[in-house]
Amino acid sequence: MANSKYEYVKCFEVEDEVMYPNIIVVQIDGRGFGSFSEKHGFEKPNDDKALNLMNACAIKVLENFSDVIFAYGFTDEYSFVLKKETTFYQRRASKILSIIVSFFSSTYVTKWKEFFSQKELSVPPSFHSRVISCASMEVLQAYLLWRQTECHISNQYNTCLWKLVFSGKSEKEAKEILKQGRQKQEQNELLFQQFGINYKDLPQIFRQGSCAIKIKVDDIVKYREDGTPVKRPRKKAIIVHSENVATKRFWNNYTCLTEELGSLAEGINKIKPEYLRSFQFESRLMLSTWIVVRVDGCHFHRFCEDNGFQKPNDEHALKLMNSCAVSLLKMFKDIIFAYGMSDEYSFVLKKDSVLYQRWSSEIVSAVVSLFSSMYVMKWKEFFPEKEFKEPPYFDGRSVCYPSSEILRDYLAWRQVDCEYSLSYLLYKNFKQINLVI
């Protein structure tokens with residue numbers, strides 16, 4: 001709202017634009033997925049349905065966001081690569097990471113029944129996300145190699161671990177056998193000698209992970225009078241597998257990658273330590289400040305139209321937002337207060353909070369992801385007769401306020417904006433009614 005005396009609080013928002021020509025990668029990772037998979041009885045060491053659900057969500061992200069052109073994932077993790085020239089949300093890191101993790105979370109809940117028709121989703125899934133800036137194609141290549149190497153290592157270890165457990169060992173005994181010193185070849189020999197398993201015969205999705213990628217296809221849009229088809233080119237997202245995604249050979253198979261990002265060098269075998277440090281870097285929020293995480297609906301005007309929300313306010317929609325906020329306060333003990341209106345909510349963390357060591361992206365993504373999952377899971381409680389057409393999603397940001405007085409002014413600013421927005425909507429609807437009359 002313009003000309004409000006409280007509007008100065010916006011000065012505490014930090015610019016987080018990812019500068020061009022850095023390539024933007026959004027990494028999402030399951031939050032507490034060990035417990036989540038236990039509660040839902042996922043098969044160990046890999047659950048086909050759970051992996052295919054993750055892949056389906058990745059495909060949906062590529063279909064919904066044209067700037068996302070490639071993704072690589074395994075287990076409960078996915079990395080999304082945006083085209084080099086992207087101006088997606090002005091390249092603001094907090095916007096990008098929160099929107100993608102929110103959409104992914106909503107889609108995960110929406111698609112759950114497609115893959116687990118006999119299982120109820122008992123707890124909301126949620127994910128962490130962060131933005132990784134790759135300064136060059138060499139750095140992106142190193143990042144992809146790092147993630148696929150981790151896929152190989154973790155899958156081989158987990159396959160050995162659970163085969164030992166299923167053969168009668170306790171988890172502790174199995175982990176003792178698989179000490180860190182045990183080499184890759186020794187693990188392969190263990191699988192073959194004790195269980196008759198050739199590691200290379202395991203499904204590609206387990207060993208190599210999955211790639212979501214866009215290819216060009218021709219759709220038949222109509223037929224001419226003589227029966228010949230009229231075709232229109234479009235991009236279609238598909239899942240592929242490769243033993244090494246960080247190679248020139250794989251990259252050059254897909255024109256969208258070379259056109260939107262550039263070419264890779266020949267395969268690399270070693271990742272520079274400085275690259276690893278940059279991949280793992282996280283920025284922390286200032287100590288002894290009030291952290292506010294603000295969650296905002298994305299394209300909610302369209303979402304409201306598509307789902308027939310009443311104007312100027314839909315009581316059921318507002319109660320759904322409130323119910324999600326209450327759930328978050330129960331789940332995060334560090335959140336002590338929340339204020340919401342329309343399609344937004346502000347969550348205030350206690351001043352001495354060390355939630356996720358005050359890493360900004362961890363806090364924002366966890367809150368936004370969980371809020372998004374709860375919104376979809378609770379939808380039928382408030383709209384039992386409605387099915388939404390597309391998954392709802394939200395963006396998020398975190399702001400630190402140094403004093404209670406400034407925090408109070410922030411909350412006052414949001415409430416004044418609530419009153420202004422309501423007055424505007426009432427006036428707008430009144431004009432429309434007069435026009436109809």
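Q: Where does the largest share of the lining of the second largest cavity come from?
A: That share, three residues, comes from strand 10. A cavity is a set of points, on a 1 Å grid over the protein atoms alone, where a 1.4 Å probe fits but cannot get out; lining residues have an atom within 4 Å of a point. Strands (E, at least two residues) and helices (H or I, at least four) are DSSP runs, numbered from the N terminus.

Q: What kind of model is this, and how are residues numbered?
A: This is a predicted model: local features need pLDDT of at least 70, side-chain atom pairs count only at pLDDT 80 or more, and totals for chains, interfaces and linings use all residues. Residues are numbered from 1 along each chain as its sequence is written, and side-chain values use heavy atoms, with hydrogens and water left out.

Q: Which residues line the second largest cavity?
A: Glu13, Val292, Arg294, Arg397, Val399, Tyr401 and Tyr410 line it. At least two of them come from strand 7 (290-297), and at least two from strand 10 (394-401). The space inside is about 30 Å³. Here volume is the space filled by probe spheres set on grid points, which are joined across faces, edges and corners.

Q: How does that lining divide by class?
A: Nonpolar means Ala, Val, Leu, Ile, Met, Phe, Trp, Tyr, Cys or Pro; charged means Asp, Glu, Lys or Arg; the others, Gly among them, are polar. This lining has four nonpolar, three charged and no polar residues.

Q: How many cavities of 30 Å³ or more are there?
A: The count is two. The largest holds about 50 Å³. Its lining is Leu51, Met54, Asn55, Gly73, Phe74, Thr75, Glu77, Tyr78, Ile205 and Ser210. Helix 2 (48-64), strand 2 (68-74) and strand 3 (77-82) each give two or more residues to this lining. Helix 2 gives the most, three. By class, the lining of the largest cavity has five nonpolar, four polar and one charged.

Q: How many aromatic pairs does the structure hold?
A: Rings of Phe, Tyr and Trp (its six-membered ring) pair if their centres lie within 6.5 Å; planes under 30 degrees apart are stacked, over 60 edge-to-face, the rest tilted. The structure holds 47 such pairs. One of them is Phe80 with Phe104, edge-to-face, 6.1 Å centre to centre and 65° between the planes. This pair links distant parts of the chain, 24 residues apart: Phe80 is in strand 3, Phe104 in helix 3 (residues 93-115). Both Phe80 and Phe104 are buried (under 20% relative accessible area with a 1.4 Å probe, protein chains only; over 50% is exposed, in between partly exposed).

Q: Which rings form one aromatic cluster?
A: The cluster holds Phe300, Phe303, Phe309, Tyr345, Phe347, Phe371, Tyr375, Trp379, Phe383, Phe388 and Phe394. Two of its members, Phe347 and Phe371, are both buried.

Q: Which charged ends sit over a ring of Trp?
A: The test asks for NZ of Lys or CZ of Arg within 6 Å of the ring centre and within 35 degrees of the ring normal. The charged end of Arg147 sits over the ring of Trp146, 4.2 Å from its centre. Likewise, the charged end of Arg414 sits over the ring of Trp413, at 4.4 Å.

Q: Is Glu282 buried or exposed?
A: Glu282 counts as buried because its relative accessible area is 14%. Glu282 lies in the loop between helix 10 (273-279) and strand 7. Its side chain makes a polar contact with the side chain of Ser361, at 2.6 Å. A polar contact is a pair of N or O atoms within 3.5 Å; within protein, one must be able to donate a hydrogen and the other to accept it, and residues adjacent in sequence count only if both atoms are side-chain atoms.

How values were computed. 1 Å grid on protein atoms, 1.4 Å probe; cavity = no way out; pocket = protein on both sides within 12 Å on 5 of 7 lines; lining within 4 Å.
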